[in-house]
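Here's a quick tour of a few spots worth clicking on. Have the viewer open and follow along.

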Amino acid sequence: MKTEFQKMRSEELYDFRDSEILGSLYHAKEACLRLNMLTLSSSEYRSALREVIPNVPDNTAVCPPFQCDHGNGIILGENTFINYGCVILDGALVSIGHDVKIGPTCQLLTPQHPVDYMERRGTCETSHPIVIGDDTWLGGGVIVCPGVTIGCRCIIAAGSVVIRDIPDDCMAAGNPAVVKKHLR
């Protein structure tokens, strides 16, 4: 039988008040608090970042302030840069490729609450993974919704809300974001 944490990572309905999930959330909140008291040039920055996001590459930077739900569900590629004020809710995995640029105040959101209002009153939800391909740039304030894949070499215009997949080599903009042009 799967734990609630395993259900969360498997896109199944899970109880977010489960003790294992809460323990992971509390750990991330404390780790983010420590990270957010530092700058990129602080001597403790890299170790504090690894406390939030294990296995972050040495040449990848996340500018504080930064917030996440778990941190252990975030996979960052080489040479990736995440600017100030990013929020990543990583109930499901969030995979960000190599050489990605994420502008300030972007939100990557994997949780999905039930549509039925009576079910939504409870403590269950699902989470759906987000994938961002190599060499992609998210402008400031972009919101990426649950279950979205953004391809490689894409540009998502500032302020866009991405609710469906964006193929490789596209520029997308708007709310909801739509492909405006192909880049290759």
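Let's start with Asp-69 and its surroundings in this predicted model. Setting aside residues up to four places away in sequence, Asp-69 touches Ser-24, Leu-25, Ala-28, Lys-29, Ile-88, Leu-89, Asp-90 and Pro-111. You'll find Asp-69 in the loop that links strand S3 (66-68) with strand S4 (74-76). Is Asp-69 buried or exposed? Its relative accessibility comes out at 16%, so Asp-69 counts as buried, given that the cut-off for buried is under 20%. One of its neighbours gets a polar contact too: the side chain of Asp-69 pairs up with the side chain of Lys-29 at 3.4 Å.

Pro-111, among the residues that Asp-69 touches, takes us on to a sheet. Which strands make it up, and in what order? There are three, arranged S1-S11-S10 in an open sheet with antiparallel pairing. Strand S1 (14-15) and strand S10 (111-112) sit at the edges with a single partner strand each, so each has one side left without a neighbour in the sheet.

Now for the pairings themselves. S1 is joined to strand S11 (residues 124-127) by two bridges, and the two strands run antiparallel. S10 is likewise tied to S11 by two bridges, again antiparallel. Here's who faces whom across those strands:

| Residue | Partner in S11 |
|---|---|
| Tyr-14 | Glu-125 |
| Asp-15 | Cys-124 |
| Pro-111 | Ser-127 |

So Pro-111 turns up twice on this tour: it is in contact with Asp-69, and Ser-127 is its bridge partner in S11.

One last stop: Ile-143, which belongs to strand S14 (residues 143-144). How much of Ile-143 is accessible? The relative accessible area is 22%, which makes Ile-143 partly exposed, since the buried class needs a value under 20%. Leaving out neighbours within four places in sequence, Ile-143 is in contact with Gln-107, Leu-109, Ser-160, Val-161 and Val-162. If you'd like a distance to check in the viewer, try Ile-143 against Lys-2: their C-alpha atoms are separated by 31 Å, with the two positions 141 residues apart along the chain.

Conventions
Residues numbered from 1 in each chain as written. Predicted model: local features only at pLDDT ≥ 70, side-chain atom pairs only at ≥ 80, totals over all residues. Heavy atoms only, no water. Pairing = 2+ DSSP bridges. Helix = DSSP H or I, 4+ residues; strand = E, 2+ residues; numbered from the N terminus. Buried < 20%, exposed > 50% of the residue type's maximum accessible area, 1.4 Å probe, protein only. Polar contact = N/O pair within 3.5 Å; in protein donor to acceptor, adjacent residues only side chain to side chain. Contact = heavy atoms within 4.5 Å.
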